[in-house]
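The following exercises concern a predicted model. Each task is followed by a solution in steps.

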Amino acid sequence: MSEEIHDSCPKGKPRSPRSQGKRAMSVSTADAFASRPPEVTIAEKIIKTPSLSPSGEPQSDSSESDSSDSSVEALADLNKDVPRDELLTSVELCSVKDYRRIAKTLQMAFEQDPFTNYILGTEMDDSKSSLKARKHKTKLMTSFFEFAIYECFSLGGIVIAVKDRALEAEIAMKGYKASRVPFLGVSCWYHMEYDHDQLTYKYPQSHSFLANMHPTSLKFNFLASLSRCRSKVFSPLLNDVRDSVVSKLNLNGSRDNMWYLADIGTIPAMRGKGLAKKLVSHFCDTFVDASPNSWCYLESTNPVNRKFYEKLGFAVAKTFDVNEDDDEDQADHKPIYMDSMFRYPKIIKSHSNDNQSTAIQLIEKRHPAIHENGLYYGKFTEEEYQSAAKYVKSKLQKLENEIKGEKNIRENIEEYPIVPSPANRSRKVKVESLSDLLAEIIKTNGPLSLSAYMRQCLTHPDYGYYTTSNPLDKYTGDFVTSPEISSVFGEMIGIWLFSTWANQGNPQKIRIIEFGPGKGTLMSDVVRTFNKLAKSRIRSDQIEICLIEASPILRDEQAQLLCGSKLSSSDIKDSLYSKSSIWGNTVTWLETEKDIVDDTQYANYILAHEFFDALPIKSFQKSDSGWRELLVEHSPSVLNTQGVLPAGDSSAELSPDLETEFHLTVSPKDTPSSLIPELSSRFNALPTGSRIEICTDAELYALKMASLINNEQGNGAALIVDYGLSSGIPSNSLRGIYKHKFHVCLLDQLIKEIGYMR
Ligand SMILES: C[S@@+](CC[C@H](N)C(=O)[O-])C[C@H]1O[C@@H](n2cnc3c(N)ncnc32)[C@H](O)[C@@H]1O
């Protein structure tokens with residue numbers, strides 16, 4: 001065990017100690033007094049230092065550091081000569097008059113302490129630093145402690161010191177002023193009161209103005225302003241750690257009675273002589289254990305001290321890196337580990353039949369800060385770190401799946417609702433239209449995500465726009481697409497396909513996959529052109545055609561065009577429609593991209609024309625508390641119960657008279673999907689009130705496409721064609737199209753057979 005103790009923390013503000021001053025504190029080794037050789041007293045060594053004037057005061061500010069250096073040297077010399085049991089020490093209560101001596105002691109104790117130097121911004125290699133820099137460091141550190149100690153007294157704290165009797169006698173006898181002469185060691189304690197409402201310890205403010213008005217405060221603040229002083233940053237951090245530790249401690253109602261060890265230090269020459277132990281154990285005996293429910297708390301940055309405190313009944317509650325918010329990439333980044341430690345009240349210790357270590361229930365296991373492999377795993381062991389990382393990854397995976405659609409994107413076709421479709425009307429709810437269905441869904445499950453609503457409107461098996469009509473029909477359709485206008489469009493893409501395939505060395509097993517093939521016109525033009533160009537190099541049975549199509553009506557159209565006849569039940573193989581094309585290729589229809597079999601032998605060539613712009617979208621609005629999703633609400637349900645539409649409702653933009661059956665409303669709380677814009681710095685840079693649209697399905701399809709064109713040989717390609725702005729963030733991009741004309745896209749009209757595109 002080493003007792004080279006030098007702990008510190010930024011100052012707390014204590015409540016007045018009870019009966020301070022009434023207790024006599026004196027621990028002496030008087031039995032050693034007689035045996036001490038009179039000629040080597042510490043008093044003589046220190047007082048004889050050249051920088052101390054007969055009055056004991058330094059000549060000037062600049063001589064201050066010389067004074068302390070000489071004191072240290074004197075004490076260091078003495079340390080060699082005086083064995084431990086020959087010291088003439090006593091532990092005594094200090095008064096405010098001693099604040100400069102106490103500060104001097106702490107300045108000498110903490111001169112090389114990494115944490116103190118870190119918070120004061122005085123880290124330096126003393127052997128290489130200029131005299132000026134070292135003087136500044138000494139001055140700043142001294143005034144830091146002077147201010148802290150003065151404040152401690154102002155707030156009723158208790159400071160005890162180990163004094164050398166001979167030195168004190170010498171000072172008194174010869175009339176020296178001792179304000180610059182250190183004690184051998186000091187410890188400063190605050191008594192703190194628990195605020196049960198705020199769940200924190202509060203500091204009595206009544207006298208703190210005294211400390212703040214004192215010149216020590218001005219001097220410290222002035223010197224600190226010249227330095228990278230970070231001391232103020234640490235109070236909130238340490239308070240938070242302490243509050244979280246306290247919240248987990250089983251204190252049996254003893255929270256109120258806490259003693260906080262703010263500072264303890266011995267001058268370097270006196271280390272290893274058991275002074276720190278005296279300072280802690282005598283304080284605990286006299287003040288802490290005098291009351292059965294008093295307990296202690298401290299922070300220690302020196303790992304050497306951990307064992308020391310443990311022997312005195314303390315236990316580590318938490319170890320953390322106070323420096324961790326600093327830029328870890330910086331070459332000079334050094335972690336500074338701090339132990340947060342506590343000592344249970346006597347009442348709890350004495351109730352325990354077991355030994356001290358059992359009585360002290362560790363609230364968080366302590367682990368070595370640095371693993372033997374040289375890596376830092378925070379407060380975890382390597383094993384715990386790995387399992388925590390695994391847990392976090394699995395959570396992220398789940399979240400990713402939710403975002404990508406396992407739940408929130410593909411939310412409804414399979415999962416929604418229990419409300420029956422027309423084919424299954426055994427339930428009493430009357431559902432005769434998509435409006436009925438959506439109204440029932442919303443009444444049962446609450447407002448719907450816009451994408452869920454759109455998905456029902458577009459692809460519900462019984463009522464969907466694509467699933468029940470042919471929007472591309474020459475007579476009854478709503479829109480026309482490029483392949484339908486001229487075969488040149490598809491033929492050009494056929495040429496692109498041929499040249500890509502040829503450039504890849506004529507792969508001999510290929511799949512041409514089209515997402516949303518409409519009437520099949522594009523595929524027909526592409527395959528015909530490709531066949532003409534590649535005829536001699538690949539046979540038709542080596543080319544497969546895959547069509548991803550949600551609409552049974554359009555599947556029939558495609559079969560008619562590519563295979564010469566509509567689909568029939570005899571075309572079902574392995575539960576998929578499959579037919580031979582007029583050129584001899586196998587054509588397979590898949591309802592979703594998930595049905596595509598991953599077969600790495602194929603080189604896949606993917607086409608998607610006006611497919612992405614036909615997918616459902618989600619819409620979000622930025623509020624002061626983050627992104628909020630726009631949800632589809634059933635207006636009569638809201639009006640029936642509330643009389644008015646809720647504030648924040650955005651339907652006014654879409655429907656001025658608010659008489660539509662469905663309207664958009666901004667979700668008052670976050671939804672699982674509102675995390676999606678939260679994750680994007682591009683979206684987060686937008687101002688409050690911004691509205692954005694995100695097509696979450698698009699990412700899902702794009703990922704599938706990417707995996708398909710990345711086969712073993714690296715062959716394959718995708719050609720995606722869509723129309724719209726090439727840059728900018730989409731907002732308000734929904735367009736209704738009805739009979740070849742644009743319409744304001746009211747939600748109700750999405751239901752009523754209006755096509756839409758973005
Ligand atoms: C705007 S049309 C484009 C048709 C064709 N590509 C063209 O250019 O003529 C959209 C096509 O995607 C299909 N579709 C829409 N949503 C789909 C989905 N979720 N899964 C598969 N196909 C879908 C429609 O049935 C339709 O064939």
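**Exercise 1.** Identify the polar atoms that lie close to the ligand, and state how much of the ligand's area the protein buries.

*Solution.* Begin with H609: one of its polar side-chain atoms lies 2.6 Å from an oxygen atom of the ligand. The ligand taken alone exposes 580 Å², of which the protein buries 94%. Next, consider the backbone. A backbone N or O atom of G516 is 2.7 Å from a ligand nitrogen atom, and a backbone N or O atom of G518 is 3.0 Å from a ligand oxygen atom. Finally, turn to the whole shell: 17 residues surround the ligand, with T481, G516, G518, E549 and H609 the closest. By class, the shell comprises nine nonpolar, five polar and three charged residues.

**Exercise 2.** Determine whether D243 counts as buried or exposed, and describe its surroundings.

*Solution.* First, locate the residue: D243 belongs to helix α9, residues 231–248. Second, apply the cut-off: buried means under 20% relative accessible area. D243 counts as buried because its relative accessibility is 16%. Third, list the contacts: leaving aside residues up to four places away in sequence, D243 touches L199, T200 and Y201. The side chains of D243 and T200 are joined by a polar contact of 2.6 Å.

**Exercise 3.** Establish the strand order of the seven-stranded open sheet and examine the pairing of β16 with β21.

*Solution.* The order is β13-β14-β15-β12-β11-β16-β21, with mixed pairing. At the edges are β13 (572–573) and β21 (717–721), each pairing on one side only. Strand β16 (residues 603–609) runs parallel to β21 and is joined to it by five bridges. Within this pair, Y605 stands opposite A717 of β21.

How values were computed. Residues numbered from 1 in each chain as written. Predicted model: local features only at pLDDT ≥ 70, side-chain atom pairs only at ≥ 80, totals over all residues. Heavy atoms only, no water. Pairing = 2+ DSSP bridges. Helix = DSSP H or I, 4+ residues; strand = E, 2+ residues; numbered from the N terminus. Buried < 20%, exposed > 50% of the residue type's maximum accessible area, 1.4 Å probe, protein only. Polar contact = N/O pair within 3.5 Å; in protein donor to acceptor, adjacent residues only side chain to side chain. Contact = heavy atoms within 4.5 Å. Near = heavy atom within 4 Å. Areas by Shrake-Rupley, 256 points an atom, 1.4 Å probe, with all protein chains shown as cover. Nonpolar A, V, L, I, M, F, W, Y, C, P; charged D, E, K, R; others polar.
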